[in-house]
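Thank you for sending this structure along. My remarks follow as numbered points, written so that each can be read with the structure open beside it.

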Amino acid sequence: MKLFHTADWHLGKLVQGVYMTEDQRYVLEQFIQAVEDEKPDAVIIAGDLYDRAVPPTEAVHLLNEVLERIVLELKTPVLAVAGNHDSPGRLNFGSSIMKENGFYITGHLKKDMQPVVLYDEHGPVQFHLVPYSDPSVVRNELDDETIRSHNDAAERIIETLHGQMDPNSRHVYVGHAFVTPFGEEEENTSDSERPLSIGGAEYVDARHFARFHYTALGHLHQAHYVSNETVRYSGSIMKYSISEEHHQKGFHVVDMDAGGNVSIEKRTLTPARDIRTVEATMEELLLHPVSEDYVFVRLLDEAPALSPMERIRSVYPNAMHVERKHFTPSSHADNSSKPKADRTNMSDLDLFKAFYKEVKGIDATEETEAIFRDVLDDLLKGEEEPAPTDKQKASVSQ
């Protein structure tokens with residue numbers, strides 16, 4: 001059986017105030033074309049179809065168009081679960097009707113979780129659709145007061161599923177969670193994804209999924225496997241923050257044989273506009289070829305630039321952010337705990353040198369000190385201009 005594993009579409013996503021809907025349409029057209037060309041037996045969407053519980057109208061229309069083309073026109077079943085960004089009730093609405101046409105979606109966790117069964121030439125494959133659920137929801141639904149964390153919840157859910165698993169079938173788990181090798185704390189793969197809970201309660205032990213031939217996960221935005229190559233995140237379909245700059249976005253093609261053994265290939269999706277960092281001086285940047293990419297600009301100029309974003313957008317019209325690399329104190333600055341000099345007794349030049357080093361992280365050069373002295377001398381000369389004599393005052397009054 002051939003499966004397409006995708007997740008984290010986040011339709012309706014805003015990045016730096018810009019809606020990503022048309023960019024999402026662009027990559028989903030490629031995904032639909034891949035479905036048409038490769039004819040998988042099913043498509044899996046492992047949560048976060050939308051970016052928020054009440055998505056914008058354009059996002060709803062886009063999901064409707066994509067599902068219509070995959071399910072109704074291409075006759076390819078789609079199996080999906082709600083993620084932590086989705087509204088379980090909205091996604092669950094009409095699910096019993098839609099499954100008649102080949103769209104299987106689970107928004108709410110149920111005590112009696114029945115698998116979706118699809119067939120190939122080797123027999124049945126059971127798909128266990130487990131939506132994202134807070135541990136308190138799982139605790140109430142499964143009537144188990146010992147459930148306190150996401151790991152507890154996942155373990156209890158899988159125990160429940162195990163009692164319904166046909167030993168003669170192959171099994172695929174579809175879920176949305178933060179899975180790590182032993183349930184230990186790890187860094188998120190993107191700063192665009194919000195935590196599932198506070199502290200260490202969000203992490204799930206990958207060993208719970210050993211009973212499944214393939215585990216299709218969503219939530220983390222970088223494609224990777226956890227401990228075992230059959231426990232996988234597909235990653236998001238496109239970049240949603242500069243922290244994802246170096247991610248290769250796409251989806252997994254999973255081929256499962258008669259014994260449940262899987263081979264996995266990564267297919268990449270090409271964005272309409274990349275999200276990337278540009279580092280240059282303003283003079284250098286203005287010589288770059290015009291690009292529609294979403295760029296985060298780090299200016300290397302020593303001095304502040306006048307109207308930087310306006311000038312940058314003459315080359316990068318979709319620039320999202322600009323900052324000066326040298327504006328913040330350098331990590332090489334002297335941050336030791338040794339006593340600092342009493343600045344009330346420091347000369348103007350010494351004060352300037354101390355300030356310069358705090359801001360730049362390096363000592364001022366002799367040339368910089370000379371410029372400061374010249375400016376300071378001019379200011380002092382202006383302040384020290386002699387007061388007018390009585391004779392000068394009289395001439396002015398006349």
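1. Overall make-up. The protein's secondary structure amounts to 11 helices and 19 strands, and the reader should keep in mind from the start that this is a predicted model. The protein has 398 residues, of which 46% count as buried. About 20,900 Å² is exposed by the protein, and carbon and sulfur atoms supply 50% of that area. When contacts between residues at least 6 apart in sequence are considered, 67% of them join residues at least 24 apart.

2. The negative patch. Which residues gather in a patch of negative charge on the surface? They are Glu-36, Asp-37, Glu-68 and Glu-73. Helix 1, which covers 21-38, and helix 2, which covers 57-73, each supply at least two residues of this patch. Glu-73 has its place in helix 2, and this residue counts as exposed because its relative accessibility is 53%, where exposed means over 50%.

3. A salt bridge between the two patch helices. Helix 1 and helix 2 come up again here, since Glu-65 forms a salt bridge with Arg-25, with the closest N and O atoms 2.6 Å apart. Glu-65 lies in helix 2 and Arg-25 in helix 1, so this pair ties together parts that are 40 residues apart in sequence. Both partners are partly exposed, Glu-65 at 33% relative accessibility and Arg-25 with a relative accessible area of 24%. As general background, side chains of opposite charge can pair when their charged atoms come close.

4. Further salt bridges. The structure holds 21 salt bridges, and another of them joins the side chains of Glu-38 and Lys-2, at 3.7 Å from N to O. Because Glu-38 lies in helix 1 and Lys-2 in strand 1 (residues 2-6), this pair ties together parts that are 36 residues apart in sequence. Glu-38 is partly exposed, with a relative accessible area of 23%. The same two residues also belong to a network of salt bridges that links Lys-2, Glu-38, Glu-265 and Arg-267. In a further salt bridge, Arg-148 is paired with Glu-145, and the closest N and O atoms are 3.8 Å apart; Arg-148 counts as exposed at 54% relative accessibility.

5. Two residues with positive phi. Most residues other than glycine have a negative phi. Asp-48, although not a glycine, has a positive phi of about 55 degrees, and Ser-227 also has a positive value, near 65 degrees. Asp-48 lies in the loop between strand 4 (42-46) and helix 2, whereas Ser-227 lies in the loop between strand 13 (224-226) and strand 14 (228-233). Are these residues buried or exposed? Asp-48 is buried, with a relative accessible area of 0%, while Ser-227 is exposed, with a relative accessible area of 52%.

6. The surroundings of Gln-126. This residue is found in strand 8, residues 123-129, and Gln-126 counts as buried because its relative accessibility is 9%, where buried means under 20%. Gln-126 and His-171 are 45 residues apart along the chain, yet their C-alpha atoms are separated by 4.9 Å. Once neighbours within four places in sequence are left aside, the contacts of Gln-126 include Pro-115, Val-116 and Val-117, and also Gln-164, Met-165 and His-171.

7. The surroundings of Ile-147. Where is Ile-147 placed? Its place is in the loop between helix 5 (135-141) and helix 6 (150-162), and Ile-147 is buried, with a relative accessible area of 1%. Leaving aside neighbours within four places in sequence, Ile-147 is in contact with Pro-135, Val-138, Arg-139, Asp-152, Ala-153 and Arg-156. For one of these partners a spacing can be added: Ile-147 and Pro-135 are 12 residues apart in sequence, and from C-alpha to C-alpha they are 6.5 Å apart in space.

How values were computed. Residues numbered from 1 in each chain as written. Predicted model: local features only at pLDDT ≥ 70, side-chain atom pairs only at ≥ 80, totals over all residues. Heavy atoms only, no water. Patch = residues over 30% accessible without salt bridge, like charges linked within 9 Å, V, L, I, M, F, W, Y side chains within 5 Å. Areas by Shrake-Rupley, 256 points an atom, 1.4 Å probe, with all protein chains shown as cover. Salt bridge = Lys/Arg side-chain N within 4 Å of Asp/Glu carboxyl O. Lys, Arg positive; Asp, Glu negative; His and termini not counted. Charge placed at Lys NZ, Arg CZ, Asp CG, Glu CD. Helix = DSSP H or I, 4+ residues; strand = E, 2+ residues; numbered from the N terminus. Buried < 20%, exposed > 50% of the residue type's maximum accessible area, 1.4 Å probe, protein only. Contact = heavy atoms within 4.5 Å.
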